[in-house]
Amino acid sequence: MGNALRPVVDPALPQEERALLLRSGTGLTPASAPAPTGSSRGDRVRGDMPGAVTVATLCGFLPAVAGFYLRGLPGLTVGAVAQAALAVVLWSDGFKQFVLAGTVLQIAAWVVLMMLHGGKDERAELGRLHHGRYYLEADFDQGDLRPWFGAVPGGLMWRAQSAVTTVLESDVEAAGLLDDTANAVALPQREWEIARSLAELTRNARELDAAAPPGRRGRRESEPQRKASREATAEVLERVRALEEYAARVRAADKAYREWRTVRELEELNAETRESLARAVRDELAAAEIDDAADRPGLAPLRDSLQKAREAGRTLAEPAVEQV
């Protein structure tokens with residue numbers, strides 16, 4: 001299937017929350033698994049721990065400074081008392097006991113900081129809150145179940161995401177030459193619809209396999225079930241192919257755009273520069289090709305390919321507009 005799938009997140013969620021969930025599938029729970037439950041310990045950010053060690057070290061050996069930093073004047077008062085106690089230990093029991101006392105205080109401060117001041121893992125919290133509104137690679141994994149009608153859910157999802165990536169990472173998209181509505185609204189919506197359908201088909205396949213009699217593996221669909229699966233699969237394939245058609249148009253536009261930029265760069269070369277370049281390569285044919293390229297307008301192929309790409313994008317966006 002190629003590279004791992006990235007999460008697919010409901011485009012109706014707020015943009016900031018979607019960005020956090022889209023970062024990776026690590027720490028998230030597949031929609032096909034039971035919803036995760038929250039716990040005070042699980043809410044802590046692992047990244048908080050190193051930072052807490054630094055503050056805890058300050059609490060252990062310079063509690064007056066740490067107390068003022070954490071709680072202002074009340075913290076300074078408590079910290080000053082602890083600082084005086086450490087000074088007494090250093091004066092009466094020596095440096096080793098001072099280090100031991102400071103280390104004990106440091107560990108205790110670290111535990112308290114993690115319990116009281118440790119931040120929430122916002123991404124994990126969003127994962128619990130929006131469970132079922134994002135899909136992971138595991139949601140399309142059929143294991144050793146046979147694919148329906150030659151279609152593998154994970155493979156179809158990968159094809160859809162590859163098409164989306166092609167569009168969003170294209171040169172013409174970066175140059176603002178495509179339909180912003182199609183890319184900003186329609187692409188996430190189409191990807192979400194495909195993921196939702198594939199996850200549903202995968203879940204149905206698992207349930208049918210689980211319902212098979214003991215000792216017999218494989219799905220045993222009734223004729224209505226087979227018909228529904230066939231129709232659903234055909235619909236998903238059509239959506240994936242529409243995305244791929246759009247991506248193919250964008251690739252063609254990218255090629256024309258690169259050629260157009262090359263022509264523009266060549267047109268900016270004056271005659272002396274072209275002659276110098278030709279002498280450098282010592283090839284008369286190269287000089288002729290450069291002159292021919294400079295004479296080509298290059299704009300017509302780019303205009304045609306962009307028009308086709310925009311039409312494909314608008315066709316892709318039409319269902320999304322109708323559903324709003």
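These legends describe close-up views of a predicted model.

**Figure 1. Overview of the protein chain, with twelve helices and two strands.**
The model is predicted. Reading from the N terminus, the elements follow the order β-α-α-α-α-α-β-α-α-α-α-α-α-α. The chain has 324 residues, and 35% of them count as buried. Its accessible surface is about 19200 Å². Carbon and sulfur atoms account for 57% of that surface. Take the contacts between residues at least 6 apart in sequence: 81% of them join residues at least 24 apart.

**Figure 2. The largest nonpolar core, with 39 residues.**
Six residues touch the most other members: F140, M157, L178, I194, L243 and Y246. Helices α6 (153–168), α8 (180–210), α9 (223–267) and α12 (299–323) each contribute at least two residues to this core. Helix α9 gives the largest share, eleven residues. Another core lies apart from this one. That second core has seven residues, including L13, L28, L126 and L136.

**Figure 3. Close-up of L178 and its contacts.**
L178 is one of the core residues that touch the most other members. Neighbours within four places in sequence are left aside here. Beyond them, L178 is in contact with V167, S170, V172, E173 and N183. Its contacts also include Y246, V250, L306 and A309. Of these partners, Y246 is itself listed among the core residues with the most contacts to other members.

**Figure 4. D254, a buried acidic residue in helix α9.**
The relative accessible area of D254 is 9%. Buried means under 20%, so D254 falls in that class. A polar atom of the D254 side chain lies 2.9 Å from the backbone nitrogen of D171. Not counting residues up to four places away in sequence, D254 touches S170, D171 and V172. D254 also belongs to a network of salt bridges, together with D171, R258 and R261.

**Figure 5. The R261–D171 salt bridge.**
The side chains of R261 and D171 meet at 3.8 Å, N to O. R261 sits in helix α9 and D171 in helix α7 (residues 171–174), so the bridge ties together parts that are 90 residues apart in sequence. Both partners are partly exposed: R261 has 36% relative accessibility, and D171 has 27%.

**Figure 6. The E244–R159 salt bridge.**
The closest N and O atoms of E244 and R159 are 2.8 Å apart. Because E244 lies in helix α9 and R159 in helix α6, the pair ties together parts that are 85 residues apart in sequence. E244 is partly exposed, at 25% relative accessible area. R159 is also partly exposed, at 29%.

**Figure 7. The E191–R6 salt bridge.**
The structure holds ten salt bridges. One of them joins the side chains of E191 and R6, at 3.4 Å from N to O. This pair links distant parts of the chain, 185 residues apart. E191 belongs to helix α8, while R6 lies in the segment before β1 (8–9). E191 is buried, at 8% relative accessibility. R6 is partly exposed, at 30%.

**Figure 8. R239 in helix α9 and its neighbours.**
R239 is partly exposed, with 24% relative accessibility. Its side chain makes a polar contact of 2.8 Å with the side chain of E235. R239 and I194 are 45 residues apart in sequence, but their C-alpha atoms are 7.0 Å apart in space. Leaving aside neighbours within four places in sequence, R239 is in contact with E193, I194 and S197.

**Figure 9. D141 in the loop between β2 (134–135) and α6.**
D141 is partly exposed, at 45% relative accessibility. Not counting residues up to four places away in sequence, D141 touches T202 and R206. D141 and V152 are eleven residues apart in sequence. Their C-alpha atoms are 8.7 Å apart.

**Figure 10. A nonpolar patch on the surface.**
The patch is formed by F68, L73 and L76. Together these residues have about 300 Å² of accessible area. L73 is found in helix α3 (residues 63–93). L73 is exposed, because its relative accessible area is 60% and the class begins over 50%.

How values were computed: Residues are numbered from 1 along each chain as its sequence is written. This is a predicted model: local features need pLDDT of at least 70, side-chain atom pairs count only at pLDDT 80 or more; totals for chains, interfaces and linings use all residues. Side-chain values use heavy atoms; hydrogens and water are left out. A nonpolar core is a set of buried Ala, Val, Leu, Ile, Met, Phe, Trp, Tyr and Cys residues joined through side-chain atoms within 4.5 Å. Buried means under 20% relative accessible area, exposed over 50%, partly exposed in between (1.4 Å probe, protein chains only). Helices (H or I, at least four residues) and strands (E, at least two) are DSSP runs, numbered from the N terminus. Contact means heavy atoms within 4.5 Å. A polar contact is a pair of N or O atoms within 3.5 Å; within protein, one must be able to donate a hydrogen and the other to accept it, and residues adjacent in sequence count only if both atoms are side-chain atoms. Patches are made of residues with over 30% relative accessible area and no salt bridge: like charges are joined within 9 Å, nonpolar side chains (Val, Leu, Ile, Met, Phe, Trp, Tyr) within 5 Å. Accessible areas come from the Shrake-Rupley method with a 1.4 Å probe; for residues, only the protein chains shown count as cover. A salt bridge is a side-chain nitrogen of Lys or Arg within 4 Å of a carboxyl oxygen of Asp or Glu.
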